[in-house]
Structures are given as structure tokens and as C-alpha cells.
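Here are some worked exercises to try with the model open beside you. Take each task on your own before reading its solution.

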Amino acid sequence: MTAASNPLATPVTIDTRHYPRFRHWRAALVLLPLLCVLALFSLAPTAWLLINSVQVDGAWSLANFSEILNSPFYRQAFGNSLWVSVCSSLIGLAIALVAAASLKRVDCTVRDITVAFTNMAGNLSGVSLAFAFIIVMGTNGAVTLLLRQWGWLTDFDLYTQTGLTLIYSYFQIPLAVLLLYPAFDALQDDWQEAASLLGASRASYWRRVALPVLLPAVFGTFILLLANAMGAYASAYALMTSNYNLVTIRISSLVAGDISLEPNLAAALSVLLVAMLVFVSMVNQFFIKRSYHAH
């Protein structure tokens with residue numbers, strides 16, 4: 001019997017052109033629950049904010065944005081939020097850079113303990129963090145009374161912009177360490193040895209080799225810290241209530257205040273806050289692309 005007359009000996013060809021497409025659809029079905037959650041808790045609220053921010057008495061209008069931009073009170077809220085956020089982000093970033101660089105040099109056991117403690121400290125925020133600072137560094141806090149007795153701290157007031165920046169910096173540092181610590185793995189130990197053999201000092205190595213490599217991670221971490229601080233509410237409200245003018249406190253007072261309820265104006269404030277963070281993120285992406293092209 002020849003191969004031509006034997007059907008079992010005839011080679012069978014299977015068209016596999018449709019299999020990759022099937023795998024893609026299967027992966028999309030697996031991601032469907034995540035996409036539904038994203039749509040319900042991110043896209044839908046954003047759409048609601050955009051629509052209600054241009055609604056005034058049931059009519060389409062930009063009066064809410066005009067009122068915010070022409071109001072010194074709301075402009076001060078944005079200025080205060082931006083000032084506290086930038087200061088706390090820079091403080092957290094500076095301390096985290098030193099801490100992350102040190103973690104690369106210490107023993108593995110010490111590194112693991114430090115990372116675990118940093119992760120735990122990063123989860124301490126909100127009302128509990130403000131309450132802890134009030135107990136420790138408030139007007140009658142334990143550390144405040146001790147330092148005042150020694151004559152080292154006579155005019156510190158936790159319930160001011162300085163105290164609020166201190167609290168913000170506290171929860172910024174652990175987050176910055178956790179974000180920057182993996183970036184230092186990109187630095188090879190033999191790079192510094194090679195630079196020293198070529199006559200470069202330690203400062204020159206960090207300025208010309210290490211920092212350009214770390215620059216995208218540093219910029220990205222700063223943007224995340226800035227967004228984290230701009231959106232913080234519980235710590236600031238627990239410490240200052242409504243005595244300090246922040247954007248998040250103003251939004252809360254407009255949607256849950258005892259005097260007046262203006263959800264459309266609160267939506268406009270939220271849209272401007274999101275637009276500010278989007279603009280900062282775009283600037284960050286621009287600098288990251290330039291740094292990649294430069295290298």
C-alpha cells in the first residue's frame with residue numbers, strides 16, 4: 001500500500017493562525033474583572049467630576065472654575081497644598097536617597113529588617129498618625145514637654161504649616177525608600193571601582209555616573225510623593241480640622257459641611273487638582289524621555 005492510498009500516512013496540517021487570537025481573547029476575559037473595577041472606581045467617578053464641574057443650577061457653565069480662579073481663598077488653598085506637598089516630598093526624597101544608598105551596603109539581615117520596618121511605617125497614616133504626633137509632639141506632648149524642660153524647644157507649634165509638613169514628611173519617607181531601594185540595584189559595584197581607577201572621586205562618580213542612572217527613578221518617585229501629599233486628607237483634617245486651608249479640606253467642607261453643600265464647586269476643585277497632578281506627570285515624562293535619549 002502506497003502512502004498516497006493510505007489515509008493514515010497522509011500528513012495532517014493544522015491551521016494555527018487563529019490560536020494566538022484565541023489566547024488574546026482568553027487573556028482579555030481574565031482581565032475583565034479588573035477592568036470593571038477600574039471603570040467603576042476610577043473612570044466613572046472621573047466622568048462624574050467632569051460633568052458636574054460644569055453644571056450650575058442644572059445648566060452648562062464654567063462659573064465654578066471662574067469662581068475658584070477669582071477667589072483668593074481657593075487660590076490660597078492650592079498654594080498651601082502645593083507648598084506642603086513640595087516641601088514634604090523634597091524632604092522625604094532627600095532622606096530616602098541616603099537611606100536607600102545605605103541599604104545597598106549593609107548586611108542582608110539588617111536590610112531585610114529595615115525594609116520590613118519601613119513597610120510597616122509606611123502603613124501608619126491618616127488619623128492614627130496625627131494622633132501619634134499629637135501625643136508625642138503636641139502642645140502637651142511627651143517629647144515637647146521634655147525638650148521644653150531642657151530649653152531646647154520653646155516656640156515649636158505642631159498645629160501650624162511647619163507641623164503639618166513634618167507629619168507629611170513622616171509618611172513620605174517610607175514610601176520613598178520602598179520606591180528608590182530597587183532602583184539602586186541598577187548600580188554595579190564595579191562602576192565605582194572603574195571610575196576610581198580612571199581618577200574620578202566619589203563625588204564625581206555620583207554626579208556623572210550614579211545620579212544620571214537614578215534620575216528617572218528619582219523623578220518618578222518625586223511625582224508619586226507629590227501626588228500622595230496633594231491627595232492626603234485624613235492626617236491634615238485630624239490635626240488642623242478646618243483651621244488650615246488645603247484643597248482636600250475645602251473639597252470635604254463643600255460636600256459634607258454643616259454650613260453649605262456645593263458638590264458642583266467641589267467637583268470643579270477636584271478637576272483642577274487632578275489637572276495639576278496630570279500636568280506634573282507630563283513634565284516628569286518629558287524629563288524622563290530626555291534623560292533616556294541623552295544616554
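**Exercise 1: A serine and its setting**

S204 lies in helix α9 (residues 202-230), where helices (H or I, at least four residues) and strands (E, at least two) are DSSP runs numbered from the N terminus. The model is predicted: local features need pLDDT of at least 70, side-chain atom pairs count only at pLDDT 80 or more, and totals for chains, interfaces and linings use all residues. Residues are numbered from 1 along each chain as its sequence is written, and side-chain values use heavy atoms, with hydrogens and water left out.

Task: decide whether S204 counts as buried or exposed, and find a polar contact of its side chain.

Solution. Start with the cut-offs: buried means under 20% relative accessible area, exposed over 50%, and partly exposed in between (1.4 Å probe, protein chains only). S204 has 17% relative accessibility, so this serine counts as buried. Next, look at the S204 side chain, which makes a polar contact with the side chain of S201 at 3.1 Å. A polar contact is a pair of N or O atoms within 3.5 Å; within protein, one must be able to donate a hydrogen and the other to accept it, and residues adjacent in sequence count only if both atoms are side-chain atoms.

**Exercise 2: Two helices that cross**

Task: describe how helix α5 (residues 127-137) and helix α7 (residues 161-180) cross.

Solution. First, their axes come within 11 Å and cross at roughly 120 degrees. Axes are lines fitted to C-alpha atoms, for helices over the stretch in contact, and angles run from 0 to 180 degrees between N-to-C directions. That angle makes α5 oblique to α7: under 35 degrees counts as roughly parallel, over 145 as roughly antiparallel, 65 to 115 as roughly perpendicular and the rest as oblique.

Then find the residues: L129, A130, F133 and M137 in α5 meet L166, I167, Y170 and F171 in α7, contact meaning heavy atoms within 4.5 Å.

**Exercise 3: A second partner for α5**

Task: work out how α5 packs with helix α6 (residues 142-150).

Solution. The angle is about 25 degrees, with the axes 3 Å apart. α5 and α6 are therefore roughly parallel to each other. I135, V136 and M137 of α5 make the contact with A142, V143 and T144 of α6.

**Exercise 4: The whole chain**

Task: how many helices and strands does the protein chain have, and what percentage of its residues count as buried?

Solution. Count the elements to get 12 helices and 2 strands. Of the 295 residues, 32% count as buried.
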